[in-house]
Amino acid sequence: MKYNEISHFSHPQHILNFEYTEVPFKCDGCKEVGIGSRYRCSFCDFDLHMHCTVPSLSISHPFYTKCSFQFLSRPPGDTLRYCNACEKYVTGFVYHCKTCGFDLHPCCAKLPMVLDDGEVKLYLYRKVSSPCHRCGRKGRSWSYQSACKKYNLHVACVREMLVENWHELYFGGGKGSRKLQSQIPSLKNTLQTPHKRSKGKVKKCCEMAALALQFIISAVLGDPTALIAGVIGTLMSRA
């Protein structure tokens, strides 16, 4: 096999080839949306996140210091299970702690603790005290929060935005592939915290929100290296 080809237990009939795509796809391992780097069988339209292609047999996580998560190709048991990071159902590949019963999607388990582009830093927290800019609620799922603690977005809310926009993201409204910036869900109506600032400060805050959302979406989609450059504020300008 070539260096960019692999065989995988979940798709033994064909070789999978490495690709990079700016078009969202559904991972056939964890059954979640993805973008960026993937391994693909074009014959069968079969795709895997990088995290699902080469999973670790077991992992630990700083949010659950007493847990040991084991990789499973399907959720254990017969009852519906949900991811403790994003609160969405687990229907495919999963990291499961048998002792505590916690579950993590592979991409959620690998979410970076810090997203940093050199100017903006976003930190991953299990819980935060400030409300989410999407839903306006506290608590709920894991959250990314800015260093200034003025911007916060639940991982679960990012998942919901992706699901809400899935058809448009994937099919592009019948217009074929679009530029990456037009594939990211709009931030319209996502900022629940009212602005009490001057127009200039509002614009700056919106630009920060747009950039933060791009970072978080890239990470949740399984490829934090797919951070978008040059489109700061463009999402909010359409809101």
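**Exercise 1. Classify Arg81 in this predicted model: is Arg81 buried or exposed? Then find its partners.**

Step 1. Take the relative accessibility of Arg81, which is 18%. The model is predicted, so this value is computed from predicted coordinates.

Step 2. Apply the cut-off: buried means under 20% relative accessible area. Arg81 therefore counts as buried.

Step 3. Place the residue. Arg81 lies in strand β7.

Step 4. List the contacts, leaving out residues up to four places away in sequence. Arg81 touches Pro75, Pro76, Lys88, Tyr89, Val90, His96, Gly101 and Asp103.

Step 5. Look for polar partners. The Arg81 side chain reaches the backbone oxygen of Gly101 at 2.8 Å. It also meets the side chain of Asp103 in a salt bridge, 2.7 Å from N to O. That pair links distant parts of the chain: Arg81 sits in strand β7 (residues 81-82) and Asp103 in strand β10 (residues 103-104), 22 residues apart.

Step 6. Add one backbone distance. From C-alpha to C-alpha, Arg81 and Thr91 are 7.8 Å apart in space, and they are ten residues apart in sequence.

**Exercise 2. Describe the surroundings of Asp103. Which side chain joins Asp103 in a polar contact of 2.8 Å?**

Step 1. Start with burial. Asp103 has a relative accessible area of 2%, so it is buried.

Step 2. Locate the residue. Asp103 is found in strand β10.

Step 3. Find the polar contact. The side chain of His96 is the partner, at 2.8 Å.

Step 4. Collect the neighbours. Not counting residues up to four places away in sequence, Asp103 touches a set including Phe69, Pro76, Tyr82, Cys83 and Asn84. Val90, Val94 and Tyr95 are also among them. So are Arg81 and His96.

Step 5. Combine the results. Both Arg81 and Asp103 touch Pro76, Val90 and His96.

**Exercise 3. Work out the salt bridges. How many does a search of the whole structure find?**

Step 1. Take the count. The search finds five salt bridges.

Step 2. Examine Arg38. Arg38 pairs with Asp47, the closest N and O atoms being 3.0 Å apart. Arg38 and Asp47 are both buried.

Step 3. Examine Arg40. Asp45 bridges to Arg40, with 2.9 Å between the closest N and O atoms.

Step 4. Check burial for this second pair. Arg40 has 15% relative accessibility, so Arg40 counts as buried. Asp45, with a relative accessible area of 41%, is partly exposed.

Step 5. Return to Asp103 and Arg81. Their salt bridge spans 2.7 Å, N to O. Asp103 is buried at 2% relative accessibility.

Step 6. Trace the network. Shared partners in salt bridges join Glu19, Arg38, Arg40, Asp45 and Asp47 into one network.

**Exercise 4. Assemble the open sheet of four strands. What is its strand order?**

Step 1. Write the order. It is β5-β6-β9-β10, with antiparallel pairing.

Step 2. Mark the edges. They are β5 (58-61) and β10, each pairing on one side only.

Step 3. Inspect β6 and β9. Strand β6 (residues 64-72) pairs with strand β9 (residues 94-96) over three bridges, in the antiparallel sense.

Step 4. Fix the register. Leu72 stands opposite Val94 in β9.

**Exercise 5. Assign the two faces of strand β12. Which residues are on the covered face?**

Step 1. Recall the pattern. In a regular strand the side chains alternate between the two faces of the sheet.

Step 2. Sort strand β12 (residues 121-125). Leu122 and Leu124 form the covered face. Lys121, Tyr123 and Tyr125 form the uncovered face.

Step 3. Add the partner β11. Strand β11 (residues 114-116) runs antiparallel to β12, joined by three bridges. Leu115 stands opposite Leu122 in β12.

Step 4. Add the partner β13. β12 pairs with strand β13 (residues 143-146) over four bridges, again antiparallel. Tyr123 stands opposite Gln145 in β13.

**Exercise 6. Find the nonpolar surface patch that includes Tyr20, then describe the whole chain.**

Step 1. Name the members. Phe18, Tyr20 and Met50 form the patch, with about 270 Å² of accessible area together.

Step 2. Place Tyr20. It is in strand β2 (residues 16-26). Its relative accessible area is 45%, so Tyr20 is partly exposed.

Step 3. Widen the view. The accessible surface of the chain comes to about 12,300 Å², of which 53% belongs to carbon and sulfur atoms.

Step 4. Count the elements. The chain has seven helices and 14 strands. Of its 239 residues, 48% are buried.

Note on methods: Residues numbered from 1 in each chain as written. Predicted model: local features only at pLDDT ≥ 70, side-chain atom pairs only at ≥ 80, totals over all residues. Heavy atoms only, no water. Patch = residues over 30% accessible without salt bridge, like charges linked within 9 Å, V, L, I, M, F, W, Y side chains within 5 Å. Areas by Shrake-Rupley, 256 points an atom, 1.4 Å probe, with all protein chains shown as cover. Salt bridge = Lys/Arg side-chain N within 4 Å of Asp/Glu carboxyl O. Buried < 20%, exposed > 50% of the residue type's maximum accessible area, 1.4 Å probe, protein only. Contact = heavy atoms within 4.5 Å. Polar contact = N/O pair within 3.5 Å; in protein donor to acceptor, adjacent residues only side chain to side chain. Pairing = 2+ DSSP bridges.
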